[in-house]
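Subject: Structure handover

Hello,

Please find the structure below, followed by notes on what was found in it.

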Amino acid sequence: MNFRQSFVAAAISAIVCGPVLASTPAQSDILDNYANIAQATYEDSLLTAQELNKVLNLFLAKPTEENLKKARAAWIAARVPYQQSEAFRFGNPIVDDWEGKVNAWPLDEGLIDYVAAGYGAESDENPFYTANIVANSKLKVGGVEIDASKIDKKLLAETLHEIDEVEANVATGYHAIEFLLWGQDLNGNNPGAGNRPATDFDLENCTHGNCDRRRDYLMAATELLIDDLQEMTNNWAPQGPARTELLSKAPAEGIATILTGMGSLAYGELAGERTKLGLMLHDPEEEHDCFSDNTHNSHFYDAKGIKNVYLGEYTRVDGSTVSGASLAELIKHQSPAVDQDLRNNLDRTENAAQAMVDEAAKGNTFDVLIGVDNKTGNQVVQTFVDALVAEAESIENAIAALKLEGIELEGSDSLDNPASISAE
């Protein structure tokens, strides 16, 4: 689980080469609406994380299998708005610099808790590969002793997360919580998610030991997630630094920010790192929500977030809608054909993502679909990749239609240099 391409967010610079991107109220309205959607999306992420916290407290008060099932459902529900927020990455440094605290992956889960023997006992790249914080109140690595007697937010965020500068040492965020709720998925490319028992959190009937510390870790990680989501919600509020930074840009540069986020998520991140890479390797360890087998939903809502940004509308978890001036309107004014092509490819991507969701409902989750002998499933996933690549090309056409220069979208070796992946 150590293979992960690392990318530096592309620098954004935009040069206006025609009158379409003169400083007009319409473009300011687009940026205002974009910021409003960002704020609403992070607010919903915060609200659903707070609801997850409530459900977890009920579970820990009565750690039954039924209550664990409810906790898992609350985690999956919390992913819905958050995944739609990822379209605000890449173009907005404040978001991209923060994102690793809440959604870093893949992770070496042996850092956190017990793992199966097949996981291995050590890693050349990661001295904390099997540190097992839940079971160990003190650690000594490389001559350095770490006091982990109290599992709290400070320990997770300031000491453990990416400890020793290893990206796979993910101690915080959604995926740390996911691992604690599901445990390892030991099914490979066969159906089935992680199957951690509720008794792993039961103080009176504890399985696998250290149930008190496991409970502490679960709640500290969830409370920290809430803190981090509150921070980003505040960043997009009126006078918040993310909104202020965006609106302080020239309108052309602001529009470039939107397109950079859309295109980089569609191509390098979602089509490449999160989808094509796992398909090429046929490796379930490369799926985004690998413990819960929720990857189909995460991919669907990532794609949905790109569409939200382009159309300038977002449906909140309470059913209300945030909408206003959109990039789509600007592109349509400049080139109706480019706008229609991009809309068509957004719909095509959504349909391809829905096909993965439909397969998951039959038991064919992402890790099953990418199996080495599953040609039909592989094609379902490849169709999603192809749709995202076409979508990214349409975004590049939109950039050209607006006569913007200097925008560089994130890439991925799995798409741009596949031979290097095959050689691994």
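Helix α1 supplies the largest share of the lining of the largest cavity, four residues. The model is a predicted one. The full lining of this cavity consists of I30, N33, Y34, I37, F88, I258, V309, G312, A325, S326 and L327. By class, eight of these lining residues are nonpolar and three polar, with no charged residue. The volume of the largest cavity is about 60 Å³.

There are two cavities of 30 Å³ or more. The second largest cavity holds about 40 Å³ of space. Ten residues line it, and W105, P106, L107, H288 and C290 are the ones nearest its centre. The lining of the second largest cavity splits into six nonpolar, two polar and two charged residues.

As for open space, the second largest pocket contains about 260 Å³. Its lining has 16 residues, with E109, Q184, D185, L186 and E285 lying nearest the centre. In the lining of the second largest pocket, eight residues are nonpolar, four are polar and four are charged.

Next, the core. The largest nonpolar core counts 115 residues, and I133, Y217, W236, I255 and L327 have the most contacts inside it. Helix α1, residues 25-61, gives the most to this core, namely 15 residues. L327, one of the residues with the most contacts in the core, is also part of the lining of the largest cavity. Apart from its neighbours within four places in sequence, L327 is in contact with I30, I255, I258, L259, M262, Y310 and L402. Among these contacts, I30 and I258 also line the largest cavity, and I255 is another of the residues with the most contacts in the core.

On to the helices. Helix α6 covers residues 211-236, and at 1.5 Å a residue its 26 residues should span 38 Å; the C-alpha atoms at its ends are 38 Å apart, so the expected and modelled values agree. Of the 26 residues of α6, 19 are buried, so the helix is largely enclosed by the rest of the structure.

T222 is found in α6. Its relative accessible area is 1%, and because the cut-off for buried is under 20%, T222 counts as buried. With neighbours within four places in sequence left aside, T222 is in contact with A49, L52, N53, L56 and I177. Of these, I177 is one of the buried residues of α5.

Helix α5, residues 174-182, is mostly covered, with nine of its nine residues buried. They are Y174, H175, A176, I177, E178, F179, L180, L181 and W182. Just after α5 comes G183, which takes a positive phi of about 75°.

Two charged residues of helix α11 may be worth a look. Which residues does D339 touch, not counting those up to four places away in sequence? They are Y310, A328, I331 and K332. D339 has its place in α11, which runs over residues 336-361, and at 3% relative accessibility D339 counts as buried. Y310 is also a contact of L327. The C-alpha atoms of D339 and L58 are separated by 48 Å, with their positions 281 residues apart along the chain.

E359 is found in α11 as well. Its relative accessibility is 19%, and since buried means under 20%, E359 still counts as buried. Neighbours within four places in sequence aside, E359 is in contact with N364, L369 and V380.

Last, a residue of helix α2. A77 lies in this helix, which covers residues 65-84. Is A77 buried or partly exposed? With a relative accessible area of 39%, A77 is partly exposed, because that class runs between the 20% limit for buried and the 50% limit for exposed. A77 and N297 are 220 residues apart along the chain, and their C-alpha atoms are separated by 9.9 Å.

Regards

Conventions
Residues numbered from 1 in each chain as written. Predicted model: local features only at pLDDT ≥ 70, side-chain atom pairs only at ≥ 80, totals over all residues. Heavy atoms only, no water. Helix = DSSP H or I, 4+ residues; strand = E, 2+ residues; numbered from the N terminus. Expected span 1.5 Å × (residues − 1). Buried < 20%, exposed > 50% of the residue type's maximum accessible area, 1.4 Å probe, protein only. Contact = heavy atoms within 4.5 Å. 1 Å grid on protein atoms, 1.4 Å probe; cavity = no way out; pocket = protein on both sides within 12 Å on 5 of 7 lines; lining within 4 Å. Points joined across faces, edges and corners; volume = space filled by probe spheres on them. Nonpolar A, V, L, I, M, F, W, Y, C, P; charged D, E, K, R; others polar. Core = buried A, V, L, I, M, F, W, Y, C linked by side-chain atoms within 4.5 Å.
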